[in-house]
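Here are a few short exercises to work through with the model open beside you. Try each task before reading its solution.

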Amino acid sequence: RIWDVQRAGSWVLVALQQAPDCRPAGADAGQGRQEAGGGSAAERIQARAAAVARAWQHQPVQGVRVRVEVYRLCTDSTSAGITSSHGTSPAAPVAPQLLLQAAAEYELVGLPFAELEPPRWVMQGSAAAAPGNSTSSGSGGNDGSAAVQHSVQLLHSSLGLEPCIAQVDLHPASHAAAAATEQTPARPGVEAQGLGTSPSSTTVDQAGITHVRVWATSDDGTPVPLSLAFDSRQVALQQGSSLPAGAPCVLAVYGAYGREDGLGHTAARAALLAQGVVCAVAHVRGGGLLGPAWHEAGRGAHKTAGVQDTLACARHLIDAGITHPRRLCLTATSAGGWVAGAALNTGHPLFRAAVLTVPSLDVAATMTDDADSFHELGDPVADPAVLSAVRAWSPADNLPAPGVLIERWVAALRDPARRTSPAPPEPSGASQTPALFPATLVRVGLLDTVVDYWDPAKYVARLRWQLAAAHAAVTGQVGSKVPAPELLMLVRPGGHACFEVAEEEAAMCAFILAHIKG
């Protein structure tokens with residue numbers, strides 16, 4: 001996928017990224033376009049990305065692969081060596097040309113699921129001082145372009161490794177290679193292991209953290225990638241397998257705006273990994289792991305696809321024996337509350353706990369004042385049908401009624417899988433009977449201007465009433481054996497990032513461990 005595009009005068013930097021087990025999205029996207037010339041600069045970049053993706057399909061990787069290319073944007077047909085199809089008239093229109101000047105590939109070996117910041121682009125040389133100078137817009141042979149040295153700094157981290165910086169120098173390349181080359185040279189010293197075709201792949205990073213990519217199957221048959229990280233020294237493994245056996249697990253989801261829940265290092269994840277917890281990330285539709293088409297498949301009228309994908313990932317973790325419903329915690333932040341909140345409404349028996357941080361939950365009531373959500377969900381002012389569609393899945397508008405909560409609780413008690421699978425030990429003094437709803441911690445920023453505090457507060461108030469009514473009805477029938485639902489709202493006098501401090505991360509970890517680890 002196209003990871004980042006930067007421009008400095010007539011220079012254009014394009015960064016492409018591919019991770020193992022992810023088929024390059026849009027591999028056939030540019031076949032109808034002319035890759036060597038013609039079309040807009042944006043079309044040329046898309047076509048070039050398609051060419052690299054087709055080459056990468058046949059090259060397995062050990063880690064996240066990054067290819068960085070630097071072009072000169074040229075609108076002068078003479079200096080580019082192009083003859084106009086309209087004759088020799090200098091006024092004839094010529095499409096802008098992207099001339100490849102330098103390129104490099106870098107592979108984060110052993111980091112199949114890494115989080116990368118946009119590359120920091122460094123140019124050195126005489127022509128770099130005046131990138132917009134028209135006298136240096138030629139093909140690069142005698143205009144000083146070849147004397148410009150390009151490099152990038154890649155800041156990256158993984159679930160197990162702290163952030164570090166890699167310095168990558170770009171090497172000069174002929175602009176003809178942008179059209180003629182379908183083969184991308186592999187990085188020297190990297191041994192292919194065939195990760196791209198296996199249903200699951202396993203890698204151990206330098207910190208001893210095992211990374212596994214597995215695939216869940218959604219209700220409509222769509223494969224959904226699921227990234228796992230765990231410390232095999234702290235987790236019991238299944239016999240004859242590299243997967244954990246009934247371990248406590250935290251499932252993170254975002255699935256909005258073409259973004260993913262971070263795969264980078266955090267203090268909270270490091271603490272959970274050290275405690276033998278499996279950290280999982282569900283790359284549901286609406287996110288961007290598999291490219292723009294994956295985002296479009298979970299946007300607007302298709303938003304519920306991300307909800308189904310989340311539940312499919314939770315079921316896969318349980319059915320594969322990786323975890324147990326009484327050891328699974330769902331987490332989400334900000335717009336991830338759209339998917340996570342809706343998943344809790346319909347599939348709450350799959351989870352023991354949930355942590356929602358500055359979540360957007362009362363979507364139908366707040367989206368009319370949030371222009372940023374129009375691209376993701378649609379414009380309810382221009383199209384009233386959008387509001388009706390959002391109200392059909394909005395977490396605050398679709399909380400399960402007390403009767404539904406009781407029915408699902410009874411069904412969970414009678415579930416054969418729950419009775420036959422080995423149940424994890426409960427914390428001291430805890431009831432063996434499951435609760436009506438997962439223990440839920442909602443963290444709210446009082447001064448948050450991205451998600452107003454009253455959005456999640458309204459959700460908590462409504463859910464608290466539903467849970468109280470259901471619990472009163474159940475205890476009136478079976479006595480006091482049913483534990484009271486735990487629903488906590490933690491409010492801090494801060495903004496959208498007020499929980500990104502060590503004290504708050506520690507408190508969240510304590511809540512999670514108290515409920516999913518015996």
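**Exercise 1.** Is D362 buried or exposed? Please also find its place in the chain and its side-chain partners.

*Solution.* This is a predicted model. Begin with location: D362 sits in the loop that runs between β16 (353-357) and α8 (363-366). Next, take its relative accessible area, which is 1%. Buried means under 20%, so D362 is buried. Now look at the surroundings: leaving out residues up to four places away in sequence, D362 touches S394, A396, D397, D455, K458 and R462. With one of these, K458, the side chain of D362 makes a polar contact of 2.6 Å.

**Exercise 2.** Compare the span of helix α7 with the expected value, then work out why α7 is largely enclosed by the rest of the structure.

*Solution.* First, the span: α7 covers residues 336-347, twelve in number, and reaches 16 Å from its first C-alpha to its last. That is close to the 16 Å expected at 1.5 Å a residue. Second, the burial: eleven of its twelve residues are buried, so α7 is largely enclosed. The buried residues include W338, V339, L344 and N345, along with glycines such as G336 and G347.

**Exercise 3.** Which residues make the nonpolar surface patch of about 540 Å²? Place V491 and classify its exposure.

*Solution.* The patch is made by L446, L447, Y453, W454, M489 and V491. Of these, V491 lies in strand β18 (residues 487-492). Its relative accessible area is 35%, so V491 counts as partly exposed.

Definitions and conventions
Residues numbered from 1 in each chain as written. Predicted model: local features only at pLDDT ≥ 70, side-chain atom pairs only at ≥ 80, totals over all residues. Heavy atoms only, no water. Patch = residues over 30% accessible without salt bridge, like charges linked within 9 Å, V, L, I, M, F, W, Y side chains within 5 Å. Areas by Shrake-Rupley, 256 points an atom, 1.4 Å probe, with all protein chains shown as cover. Salt bridge = Lys/Arg side-chain N within 4 Å of Asp/Glu carboxyl O. Helix = DSSP H or I, 4+ residues; strand = E, 2+ residues; numbered from the N terminus. Buried < 20%, exposed > 50% of the residue type's maximum accessible area, 1.4 Å probe, protein only. Expected span 1.5 Å × (residues − 1). Polar contact = N/O pair within 3.5 Å; in protein donor to acceptor, adjacent residues only side chain to side chain. Contact = heavy atoms within 4.5 Å.
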